[in-house]
Amino acid sequence: MAPGPIQLLDPASLAAMRTPVSIVLGDEDKDVPPATNGLIAAKAIPGATLLRLPGVGHTAFVADCTYAGRATFPQWCTFKVPQAATHRQSIPAAQAFFSRPLAKAPWQRIDRIFLPKSPVFGQHRAAPHGVH
């Protein structure tokens with residue numbers, strides 16, 4: 001999610017990668033701009049997949065903001081696209097990505113993805129069971 005700072009990496013090292021890579025980024029990420037980070041990586045890494053979310057910024061991927069979080073850090077908790085919409089796209093994409101290489105190891109199967117609960121961000125919504 002929102003990879004950066006890609007421009008610090010040797011382009012040859014990106015081209016040499018053979019590990020599966022899936023990049024999810026928000027088109028309006030001001031902290032890690034796609035043009036100088038995620039889009040470069042997506043083009044340079046062989047077989048990398050890319051999910052671009054229009055109108056999404058850098059912090060939209062984290063758990064839902066609590067009231068305290070919105071009051072204390074409005075710059076991190078104000079979104080053009082509702083977080084729920086971002087989560088509905090990014091969580092199943094991550095589950096599908098991780099399920100493919102891990103499918104041969106049932107003990108590693110991912111049914112839910114959570115971020116830890118914090119005072120700023122509440123509990124992250126998980127995709128329903130069975131979404132891979």
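This passage describes the overall fold of the protein chain, its largest pocket and several residues in a predicted model.

The protein chain contains four helices and two strands, and, read from the N terminus on, these elements follow the order α-β-α-β-α-α. Of the 132 residues of the chain, 37% count as buried. The surface that the protein chain exposes amounts to about 7,900 Å², of which carbon and sulfur atoms supply 63%. When contacts with a separation of 6 or more are considered, residues 24 or more positions apart account for 67% of them.

An example of such a pairing of sequence and space is found at Leu14, whose place is in helix 1, residues 11-15. The C-alpha atoms of Leu14 and Ala44 are separated by 5.8 Å, although the two residues are 30 residues apart along the chain. If the neighbours within four places in sequence are left aside, Leu14 is in contact with Ile6, Leu9, Ala44, Ile45 and Pro46. Leu14 has a relative accessible area of 4% and is therefore buried, since the term applies to values under 20%.

The largest pocket of the model has a volume of about 210 Å³. It is lined by 16 residues, and the closest of these to its centre are Gly57, His58, Thr59, Thr78 and Phe79. Sorted by class, the lining of this pocket comprises four nonpolar, seven polar and five charged residues.

Two of the residues closest to the pocket centre, His58 and Thr59, were examined further. His58 lies in the loop that runs between strand 2 (49-53) and helix 3 (67-72). With a relative accessibility of 29%, His58 counts as partly exposed, because this class covers the values between the limit of 20% for buried residues and that of 50% for exposed ones. The side chain of His58 is joined to the side chain of Asp29 by a polar contact of 2.8 Å. His58 and Glu28, which are 30 residues apart in sequence, have C-alpha atoms 7.5 Å apart in space.

Thr59 is also placed in the loop between strand 2 and helix 3, but Thr59 has a relative accessibility of 18% and so counts as buried. A polar atom of the side chain of Thr59 lies 2.9 Å from the backbone oxygen of Trp76. Apart from residues up to four places away in sequence, Thr59 touches Trp76, Phe79 and Gln83. Among these partners, Phe79 is itself listed with the residues closest to the centre of the largest pocket.

Cys77 lies in the loop between helix 3 and helix 4, and the C-alpha atoms of Cys77 and Thr59 are separated by 7.5 Å, with their positions 18 residues apart along the chain counted as the distance apart. At a relative accessibility of 8%, Cys77 counts as buried.

Within helix 4, which spans residues 83-102, attention may be given to Thr86. Thr86 has a relative accessible area of 1%, and for this reason Thr86 is described as buried. Not counting residues up to four places away in sequence, the residues that Thr86 touches are Leu53, Val56, Ala60, Phe61 and Val81.

Definitions and conventions
Residues numbered from 1 in each chain as written. Predicted model: local features only at pLDDT ≥ 70, side-chain atom pairs only at ≥ 80, totals over all residues. Heavy atoms only, no water. 1 Å grid on protein atoms, 1.4 Å probe; cavity = no way out; pocket = protein on both sides within 12 Å on 5 of 7 lines; lining within 4 Å. Points joined across faces, edges and corners; volume = space filled by probe spheres on them. Nonpolar A, V, L, I, M, F, W, Y, C, P; charged D, E, K, R; others polar. Buried < 20%, exposed > 50% of the residue type's maximum accessible area, 1.4 Å probe, protein only. Polar contact = N/O pair within 3.5 Å; in protein donor to acceptor, adjacent residues only side chain to side chain. Contact = heavy atoms within 4.5 Å. Areas by Shrake-Rupley, 256 points an atom, 1.4 Å probe, with all protein chains shown as cover.
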